[in-house]
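Thank you all for coming; please have the sequence and the structure open in front of you while I talk. I will go through a few places one by one, and I will try to say at each what can be read from it.

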Amino acid sequence: MPEQGKLADQRTGSHLVAAVLRQELARDASVVVFGEDVGHLGGVFGATRRLNREFGEERVFDTPVSETAFMGMAIGAAQAGLRPVAELMFVDFAGVCFDQIANEMAKNHYMAGGRVRLPLVVRAAVGSIGSAAQHSQVLGATFAHFPGLKVALPGSHGDLQRLLVTAVREDDPVIFLEHKRLLKARVNTLPLDDAVDPGEAVEPAPLGRLRRVRAGTDVTIVTAGWMVQESVQAAGDLATDGISAAVVDLRSLVPLDRDGLAEAAGQAPRLLVVDEDYTTYGMAAEVICTVAEQLGPGGPRMARLGLDVPLPASRILEDEVLPGRRMIQV
C-alpha cells in the first residue's frame with residue numbers, strides 16, 4: 001500500500017471523494033450516483049472518476065442538463081428505496097431546482113407523516129476560485145434555513161471523506177457542500193489535513209458534533225468549510241504576535257452543535273465567527289445568537305466576518321472582499 005506521504009504528489013480532494021463513493025457503491029447496492037458529466041467525464045472536478053466504468057451505467061450515470069429533472073428523480077428514487085447521490089455541479093445552480101429542494105426534499109417526510117424516508121445526498125461544489133458571482137457562492141445558511149435538510153460543510157480532506165460516508169448512510173436528505181479549494185488541493189499540503197489513505201476504509205464521523213482544531217485562550221474563531229484552513233493559518237500568524245487563538249470547526253450547519261459551541265465560546269473572552277457565505281441572516285448570526293442565549297451577559301465579546309456583496313470577477317477585487325487569513329488578523 002502506498003505511504004500517505006507519497007500520495008501528496010498525486011492525490012487531491014477530488015480523488016478522496018471518488019474513493020469514498022467507490023467504497024459506498026461497493027458496500028451498498030442501493031447507492032446510485034448521477035448528475036451532469038459525472039459518468040463518462042468523471043465530474044467537472046474529477047470526483048467521480050472511473051466510477052462509471054467500475055459500476056456501470058445503471059449505478060453511475062450522466063443526466064440531461066436539467067437540475068429540476070434530476071433533483072426530482074433523486075427525490076423519487078430515495079422514496080422508492082434507493083440511496084441517490086446527486087451532484088449539483090455548482091451550488092449556484094440550486095436556484096434552477098429550488099422548488100424540488102425546499103418544497104419536496106425538505107418536507108416530504110414530514111408531510112407523509114413519517115411514512116416515507118429520503119436517504120439522499122446532494123453534493124455541490126461551493127466557494128470561490130475566481131469564478132465570479134454566479135459560480136462562487138456557498139449558500140450553506142440558505143439550505144440550513146429549511147427544516148428537514150441536514151447541511152454538511154467539511155473543512156478538511158479528512159472530513160470531506162468521513163462526513164461524506166455519514167451523509168450517504170443517513171436516512172434524511174443531506175446537502176453536502178464541497179469547497180472547490182478542498183477538491184483541488186493536494187493531500188497533505190493544507191494547514192489542517194487529516195486525509196484517510198484511499199486504500200483504507202473510511203469510517204463515518206457524526207454530523208452535529210464540532211471539533212476544536214486548535215487551542216487558544218485569547219479569542220475563539222468559529223468557522224466551517226475552507227475558512228477552517230484560513231483560520232488555522234491566521235491563528236498561527238497571531239501566535240507570533242502573542243495572541244492565543246483557538247479554532248473551532250462546526251463541520252455541519254444542521255445539526256448545529258449548540259452545546260459544544262457554547263462550551264468552546266466560554267473558554268476565551270472574545271469570539272470571532274468567520275464565514276465565506278453572506279453575513280446578513282447567515283451562519284454567523286446563528287452562532288452568535290446561540291452563544292448569547294446559552295451564556296448570557298457573561299459570555300464573550302462577539303464579532304463576525306463575512307461578505308454581503310456578489311463576488312466580483314476580478315481576482316484583485318475578490319481578494320478584497322473575501323474573508324480569510326489576512327482579514328482575520330486585523
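Aspartate 37 sits in the loop between β1 and α3, and I should say at once that the model we are looking at is a predicted one. The phi angle of aspartate 37 is near 65°, which is a positive value in a residue other than glycine. With a relative accessible area of 36%, aspartate 37 is partly exposed. Arginine 50 is found in the loop between β1 and α3 as well, and its phi is near 70°, again a positive value in a residue other than glycine. Is arginine 50 buried, exposed or partly exposed? Its relative accessible area is 43%, and arginine 50 therefore counts as partly exposed.

While we are on backbone geometry, please move along the chain to valine 254 and proline 255, which are joined by a cis peptide bond with an omega of about -5°. Proline 255 belongs to the loop between β10 and α11, the latter covering residues 258–265.

Let me turn to the aromatic rings. A pair of aromatic rings is described by two things, namely the distance of the centres and the angle of the planes. Searching the whole structure gives 5 aromatic pairs, and one of them is formed by phenylalanine 34 and phenylalanine 61, which are stacked, with 5.2 Å centre to centre and 20° between the planes. Which parts of the chain does this pair tie together? Phenylalanine 34 lies in strand β1, residues 31–35, and phenylalanine 61 in strand β2, residues 60–62, so the pair ties together parts that are 27 residues apart in sequence. Phenylalanine 34 is buried, its relative accessible area being 2%, and phenylalanine 61 is also buried, with a value of 18%. If you wonder why 18% still counts as buried, it is because the cut-off for that word is under 20% relative accessible area.

Another pair, phenylalanine 45 with phenylalanine 90, is edge-to-face, with 6.1 Å centre to centre and 85° between the planes. This pair links distant parts of the chain, since phenylalanine 45 is in the loop between β1 and α3 while phenylalanine 90 is in strand β3, residues 83–90, and the two are 45 residues apart. Phenylalanine 90 is buried, at 13% relative accessible area. Ring pairs also bring in Phe93, giving a cluster of Phe45, Phe90 and Phe93.

Next come two helices, beginning with α2, which runs over residues 13–27. At 1.5 Å a residue, its 15 residues should span 21 Å, and the end C-alpha atoms are 21 Å apart, which agrees. Helix α2 is mostly covered, as 12 of its 15 residues are buried, including Leu16, Val17 and Leu21. Helix α8, residues 157–169, has 13 residues and reaches 19 Å from its first C-alpha to its last, close to the 18 Å expected at 1.5 Å a residue. How many of the residues of α8 are buried? The count is 12 of 13, and α8 is thus mostly covered; among the buried ones are His157, Asp159 and Arg162.

Now to the largest pocket, which has a volume of about 450 Å³. Its lining consists of 18 residues, and those nearest its centre are Ala141, Ala144, His145, Gly282 and Glu286. The elements that give two or more residues to this lining are α7, β10, β11 and α12. By class, the lining has 11 nonpolar, 4 polar and 3 charged residues. Histidine 145 deserves a second look, for it is located in the loop between α7 and β5 and is exposed, with a relative accessible area of 63%. Between histidine 145 and leucine 253 there are 9.8 Å in space, C-alpha to C-alpha, although they are 108 residues apart in sequence.

Finally, the cysteines. A disulfide is a covalent bond between the sulfur atoms of two cysteines. How many disulfides does a search of the whole structure find? The search finds 0. Cysteine 97 is buried, with a relative accessible area of 1%, whereas cysteine 289, at 34%, counts as partly exposed.

How values were computed: Residues are numbered from 1 along each chain as its sequence is written. This is a predicted model: local features need pLDDT of at least 70, side-chain atom pairs count only at pLDDT 80 or more; totals for chains, interfaces and linings use all residues. Side-chain values use heavy atoms; hydrogens and water are left out. Helices (H or I, at least four residues) and strands (E, at least two) are DSSP runs, numbered from the N terminus. The expected span of a helix is 1.5 Å times one less than its number of residues. Buried means under 20% relative accessible area, exposed over 50%, partly exposed in between (1.4 Å probe, protein chains only). On a 1 Å grid over the protein atoms alone, a cavity is a set of points where a 1.4 Å probe fits but cannot get out, and a pocket is an open set with protein on both sides within 12 Å along at least five of seven lines; lining residues have an atom within 4 Å of a point. Grid points are joined across faces, edges and corners, and a volume is the space filled by probe spheres set on the points. Ala, Val, Leu, Ile, Met, Phe, Trp, Tyr, Cys and Pro count as nonpolar, Asp, Glu, Lys and Arg as charged, and the others, Gly among them, as polar. Rings of Phe, Tyr and Trp (its six-membered ring) pair if their centres lie within 6.5 Å; planes under 30 degrees apart count as stacked, over 60 as edge-to-face and the rest as tilted. A disulfide is a pair of cysteine sulfur atoms within 2.5 Å.
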